[in-house]
Amino acid sequence: MARSQPTEPLSPDFAPVRIEDIEIAAPLQDVARGATADGVPFESCFCLVRLHGRPLGTIELRLPSEGIAAEELAMRIRLELGEEIAAHLRADGLPPVALTAAGIPGPDVPACAKAREGVLRDAPRISIVIVTRGRPDQVRQTVRSILSCRYPGDRQETIVVDTPEDGEQPLSFEEGDFPAGAKVRVVVEPEPGISRARNRGLREAGGEIVVFADDDVDVDENWLATLVAAFQRGPRVDAVSGPTFPAALETPTELWFEGFGGLQRGFQTRLYDLDDPPADQPLFPFTPGAFGSGRSMAFRRGALRRLGGFDPVLGPPTPTLAGEDIEALLHVVLAGRQVVHEPAALVWHAHPRDYHMLRRRMWGYGLGLSACVTKSVLDNPRLLSRLLRKLPAGLVFALSSKSKKNENRQKDYPRELIRLELAGLACGPFAYARSRWQQRGGNETAPRVS
């Protein structure tokens, strides 16, 4: 007898949430109430507040039928993010200014933007790698978004790695899909697996920095320059990541995914170094999801190649389902190098709208994380004692509703999703063992990237 599909949990109080990206260095605009494409009015607004392009924080506002006037919006931002605004102005060497609807005036290139603007004047060659399968419209939009970045066109190339299944037509772009002169090419990777596809892109890349993005994101106009500028923080920085924000919160599933909390990592630039563990992350380095994700990350090409690229034992469609991106970032840290998480290098992601997809994601995130940690301990058994010492704190981190991981969960966040994530964590080592056995059976024990 076939098993019935679980029904989507009811969320009777849910109402769609509008997304606003607000730059307070410019005059503020009124926020209209608006509605979804289906005509459902927005009841609230999720606002990302930025100054000079850098995120300061988020605020949530109720949306009356008449919307919110710019003056009221400025007042609410002052109340909730006044300290963050003042701290940012001090760091830029600027006098304190009270935010009004006119915005906060300032120099054309404030101190916080000098490194980014310096990159644009002397830009290194970079390669952007996007892995896709069966989503031509989405990947076109992502590529267009990347090509709209402020970065010299002659110093960048975009490599789209297509992984069609048997019988599928490979992806192709037409003349007019992108601006004239854009360096965009499609490479077909016949072997299955996102790790192999990422590695194919890494082999094809000619830039000294290789940037990775998913095929369902829109990127900020300063995304490329901001990622590249972060490498200037020191000679040991071999990887940089950026945060993910929701492109839409119009269904309960999208809001629950956002409440999962794994995609936002704070609004301060973080440097991850094995010799300098962050005081607020007691599980470091065994929570590599804090370092970033494959939606927005970049590596020095030579460094990632020396580390072997991405592990084909991890990630879809292997039994581990995920983890190849965070394992690459963790590998950088465990090799004695540094990862920078730069909040200004942000992308907007299309969260899953289907509850059954979300269930699989939660199971996969649990599997991928513990499979990634299992792989690291097997590669370096000396890590085991460190992991065991941190395990009690790890259980609190995973289970407590007050932990940093869980504090953003909504009251109606389905407990089923929590159980699936924890079950995935428990099963990850077995999934890794199964995936490794399968790869050996296929004679895939050769180095990941030559």
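**Exercise 1. The eight-strand sheet**

In what order do the eight strands of the open sheet stand, and what is the pairing? Work this out on the predicted model.

*Solution.*
Step 1. Read across the open sheet: the order is 6-5-4-7-12-9-13-11. The pairing is mixed.
Step 2. Look at the edges. Strand 6 (184-188) and strand 11 (270-273) each have a single partner strand, so one side of each is left without a neighbour in the sheet.
Step 3. Add the twist. From one strand to the next, it averages 20°.

**Exercise 2. Strand 7 and its partners**

Find the sense in which strand 7 pairs with strand 4 and with strand 12. Then decide: are the residues on the two faces of strand 7 buried or exposed?

*Solution.*
Step 1. Take strand 4 (residues 126-132). Its pairing with strand 7 is parallel and runs over five bridges. Within strand 7, valine 211 is the residue opposite isoleucine 128.
Step 2. Turn to strand 12 (residues 297-300). Here strand 7 pairs in the antiparallel sense, over four bridges. Arginine 300 of strand 12 stands opposite isoleucine 209.
Step 3. Recall a general rule. In a regular strand, side chains alternate between the two faces of the sheet.
Step 4. Sort the residues of strand 7 by side. Ile209, Val211 and Ala213 lie on one side, Val210 and Phe212 on the other. All of these are buried, and both faces are covered.
Step 5. Check the count. Strand 7 spans residues 209-213, and five of its five residues are buried.

**Exercise 3. Helices across the sheet**

Which strands does helix 4 lie across, and which does helix 8 lie across?

*Solution.*
Step 1. Helix 4 (residues 194-204) lies across strand 4, strand 5 (156-162), strand 6, strand 7 and strand 12. Its angle to strand 5 is about 150°.
Step 2. Helix 8 (residues 324-334) lies across strand 9 (237-241), strand 11, strand 12 and strand 13 (338-341). Its angle to strand 12 is about 40°.

**Exercise 4. Two helix pairs**

Describe how helix 2 packs with helix 5, and how helix 8 packs with helix 9.

*Solution.*
Step 1. Start with helix 2 (residues 114-121) and helix 5 (residues 223-230). Their axes are 8 Å apart, at an angle of about 100°. Helix 2 and helix 5 are therefore roughly perpendicular.
Step 2. Name the contact residues. Helix 2 gives Ala115, Arg116, Val119 and Leu120; helix 5 gives Ala225, Thr226, Val228 and Ala229.
Step 3. Classify them. Six are nonpolar, one is polar and one is charged.
Step 4. Move to helix 8 and helix 9 (residues 355-379). The angle is about 35°, and the axes are 10 Å apart. The crossing is right-handed.
Step 5. List the meeting residues. Ile326, Glu327, Leu330 and Leu334 of helix 8 face Leu369, Cys372, Lys375 and Ser376 of helix 9. This contact has five nonpolar residues, one polar and two charged.

**Exercise 5. The three-strand sheet**

What order do the strands take in the open sheet of three strands?

*Solution.*
Step 1. The order is 8-14-10, with mixed pairing.
Step 2. Strand 8 (217-219) and strand 10 (244-246) stand at the edges, each with a single partner strand, so one side of each lacks a neighbour in the sheet.
Step 3. Ignoring direction, neighbouring strands of this sheet are turned by 35° against each other on average.
Step 4. Zoom in on strand 10 and strand 14 (residues 347-349). They pair in the parallel sense over three bridges. Threonine 244 has valine 347 in strand 14 as its bridge partner.

Conventions:
Residues are numbered from 1 along each chain as its sequence is written. This is a predicted model: local features need pLDDT of at least 70, side-chain atom pairs count only at pLDDT 80 or more; totals for chains, interfaces and linings use all residues. Side-chain values use heavy atoms; hydrogens and water are left out. Buried means under 20% relative accessible area, exposed over 50%, partly exposed in between (1.4 Å probe, protein chains only). Two strands pair if DSSP finds at least two bridges between them. Axes are lines fitted to C-alpha atoms, for helices over the stretch in contact, and angles run from 0 to 180 degrees between N-to-C directions. Angles under 35 degrees count as roughly parallel, over 145 as roughly antiparallel, 65 to 115 as roughly perpendicular and the rest as oblique. Contact means heavy atoms within 4.5 Å. Ala, Val, Leu, Ile, Met, Phe, Trp, Tyr, Cys and Pro count as nonpolar, Asp, Glu, Lys and Arg as charged, and the others, Gly among them, as polar. A crossing is left-handed if the near helix is turned anticlockwise from the far one by less than a right angle, and right-handed if clockwise.
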